[in-house]
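Thank you all for making the time this morning. I would like to walk you through one structure, taking the empty space first and then the residues around it, so please have the model open as we go.

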Amino acid sequence: MQIIYTARDNSKDYPQVNTTQKKICQAFIELYARTPLELITIRQLCQSIPIARTTFYRYFDNVAQVEELLVDLSLSQMGQLVTLIAGFKNDNSNQVVQQMTNLIDANQGIWKLLLVTKRSSDYTRQVERIVKATLAGQKQASYLHVQFLCSVTMGFLIGILTDQFKFDKEALVELERSLRKLSA
């Protein structure tokens, strides 16, 4: 197995995850959306891309490692998203909305799968930990305040993933105003 990415990598864009790995991960997401994890085979993944099994084994030893990579990457990206939300101000809104849109677009498949469709409680707890850790750095954040903002952030993200919320600059500016009022 060729190691391209490790969970402790601090790179923001993860250039170590190459095109083939991305294809394998995308095929995994599509299969996992309709197949229980324990029934996904390397053969199915390889056929759906298509790639040779030897190519798969160049990057992963098994299907569980594909899931592990996806979870690690998506949690890191979630941390970036929460940091953007926590630091959002109207004066930097165009840049932040674009960055948030890019993060949501890049991770929508796995986030929707693990937070909405399959509703992984372990993944949800990990996301909540990231949200709480990021928001705890806010100067006025009490435990209750962090809990509340965590719930709002999770609800916001799930609303976007399920197309219940419109996500654009105006909606984000209004959310930021509301959160400032609540924080005052």
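When the whole structure is searched for enclosed space of 30 Å³ or more, 1 cavity is found, and please keep in mind throughout that this is a predicted model. The volume of that largest cavity comes to about 40 Å³. As background, rolling a probe the size of a water molecule over the atoms shows where empty space is left.

Which residues line the largest cavity? Its lining consists of Met78, Leu81, Val82, Ile85, Val127, Val131, Thr153, Met154, Phe156 and Leu157, and the elements that contribute two or more residues to this lining are α4, α6 and α7. If we sort the lining residues by character, 9 are nonpolar, 1 is polar and none is charged.

Let me turn now to the nonpolar core. The largest one holds 51 residues, and among these Leu81, Trp111 and Leu115 touch the most other members. Two or more residues come from each of α1 (19-34), α2 (42-48), α3 (53-59), α4 (63-86), α5 (93-117), α6 (121-136) and α7 (143-161), with α4 giving the most, namely 13 residues. In general terms, nonpolar side chains tend to be buried together in soluble globular proteins.

Trp111 deserves a slower look. Setting aside neighbours within four places in sequence, Trp111 is in contact with Ser74, Gln77, Met78, Leu81, Leu103, Ile104, Val116, Tyr123, Leu157 and Leu161. Three of those names, Met78, Leu81 and Leu157, will be familiar from the cavity lining.

Another of those partners is Ser74, which sits in helix α4. Is Ser74 buried or exposed? Ser74 counts as buried because its relative accessible area is 0%, where the cut-off for buried is under 20%. Its side chain makes a polar contact of 2.7 Å with the side chain of Tyr123, and the Ser74 side chain also reaches the backbone oxygen of Val71 at 3.1 Å.

Finally, two places in the loops are worth finding on your screens. In the loop between α2 and α3 lies Pro50, which is joined to Ile49 by a cis peptide bond with omega about -15°. In the loop between α7 and α8 (169-183) we come to Asp163, a residue other than glycine whose phi is nonetheless positive, near 60°. Asp163 counts as exposed because its relative accessibility is 63%, the cut-off here being over 50%.

Terms used: Residues are numbered from 1 along each chain as its sequence is written. This is a predicted model: local features need pLDDT of at least 70, side-chain atom pairs count only at pLDDT 80 or more; totals for chains, interfaces and linings use all residues. Side-chain values use heavy atoms; hydrogens and water are left out. A nonpolar core is a set of buried Ala, Val, Leu, Ile, Met, Phe, Trp, Tyr and Cys residues joined through side-chain atoms within 4.5 Å. Buried means under 20% relative accessible area, exposed over 50%, partly exposed in between (1.4 Å probe, protein chains only). Helices (H or I, at least four residues) and strands (E, at least two) are DSSP runs, numbered from the N terminus. Contact means heavy atoms within 4.5 Å. A polar contact is a pair of N or O atoms within 3.5 Å; within protein, one must be able to donate a hydrogen and the other to accept it, and residues adjacent in sequence count only if both atoms are side-chain atoms. On a 1 Å grid over the protein atoms alone, a cavity is a set of points where a 1.4 Å probe fits but cannot get out, and a pocket is an open set with protein on both sides within 12 Å along at least five of seven lines; lining residues have an atom within 4 Å of a point. Grid points are joined across faces, edges and corners, and a volume is the space filled by probe spheres set on the points. Ala, Val, Leu, Ile, Met, Phe, Trp, Tyr, Cys and Pro count as nonpolar, Asp, Glu, Lys and Arg as charged, and the others, Gly among them, as polar.
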